[in-house]
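Please find below a note on the model under review. The points are numbered for ease of reply.

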Amino acid sequence: MRVMGVDPGLTRCGLGAVEGRPGAPLSLLSVGVVRTPPDDDIGSRLVVIEAEIERWLDEIRPDAVAVERVFAQHNVRTVMGTAQASAVAIVCAARRGLPVALHTPSEVKAAITGNGNADKKQVGTMVTRLLRLDAMPKPADAADALALAICHVWRGGVQHRLADALAKARHGGAGAAGTTGPGGSGRTGTPGGVAAGRTDRGGSTR
């Protein structure tokens, strides 16, 4: 399963992609951060984020996109910007017919570290260990995007297996009633460096 994670934000939008399946080693495909100047108007900033996400989707060709679920914060301005960036990511994925999963920060932390209250350093440390990197992805937005992708590989894989089992059960029941029905993709390529640089497998940044 190939998953692209998006840690939404206007000033820094973390992007990360991993490939793997539950119970098996994970592979880093790409990680980076899209940056937009705080002084630019909102429309221009969202266009930059959209263009970069589209480019990643073109080159990564994920099976699913995992986006951090926006939740209420004390700083309304910050949460609004996060929600706007999140919406752009969801629209980009939906336009291509890709499934989108929304995971809360606590869900991601619990999946990655076993502690729903883990801090960013703990999450980054576990991401580094799970992907066998030489150095922790920076800034934290990049590590968070990878954590989202990893979380969905593990949780999404289970959900897909359950959905497949239910579908087969329904199909089997229909067959008993006399109804009949129809009986790692080798993709390569990672996006080029974004504004803050991109780290490929091995931990080198360019």
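1. In this predicted model, helices H1 and H2 lie oblique to each other. Their axes cross at roughly 40° and come within 10 Å; the angle falls in the oblique class because it is neither under 35 degrees nor in the range 65 to 115. The crossing of H1 past H2 is right-handed.

2. The contact between these two helices involves, on the H1 side, Ile-42, Leu-46, Ile-49, Glu-50, Ile-53, Glu-54 and Leu-57. Their counterparts in H2 are Gln-84, Ala-85, Val-88, Ala-89, Cys-92, Ala-93 and Arg-95.

3. Helix H4 spans residues 120-130, and its buried residues are Val-123, Gly-124, Val-127 and Thr-128. These four occupy an arc of only 135° around the axis, which places them on the same side of H4. Lys-121 and Arg-129, both exposed, are carried on the face turned away from that buried side.

4. At the N-terminal end of H4, Asp-119 acts as a cap, with a side-chain oxygen 3.2 Å from the backbone nitrogen of Lys-121.

5. The loop between H4 and H5 contains Arg-132, which has a positive phi near 55° although the residue is not glycine. Arg-132 is partly exposed, at 42% relative accessibility. Pro-139 is found in the loop between H4 and H5 as well, and the peptide bond leading to Pro-139 from Lys-138 is cis, with omega near 0°.

6. Arg-61, in the loop between H1 and strand S4, is another non-glycine residue with a positive phi, about 50°. Its relative accessible area is 45%, so Arg-61 counts as partly exposed.

Technical notes
Residues numbered from 1 in each chain as written. Predicted model: local features only at pLDDT ≥ 70, side-chain atom pairs only at ≥ 80, totals over all residues. Heavy atoms only, no water. Buried < 20%, exposed > 50% of the residue type's maximum accessible area, 1.4 Å probe, protein only. Arc of directions from axis to C-beta. Polar contact = N/O pair within 3.5 Å; in protein donor to acceptor, adjacent residues only side chain to side chain. Axes fitted to C-alpha atoms, helices over the stretch in contact; angles between N-to-C directions. Parallel < 35°, antiparallel > 145°, perpendicular 65-115°, else oblique. Left-handed = near helix turned anticlockwise from the far one by under 90°. Contact = heavy atoms within 4.5 Å.
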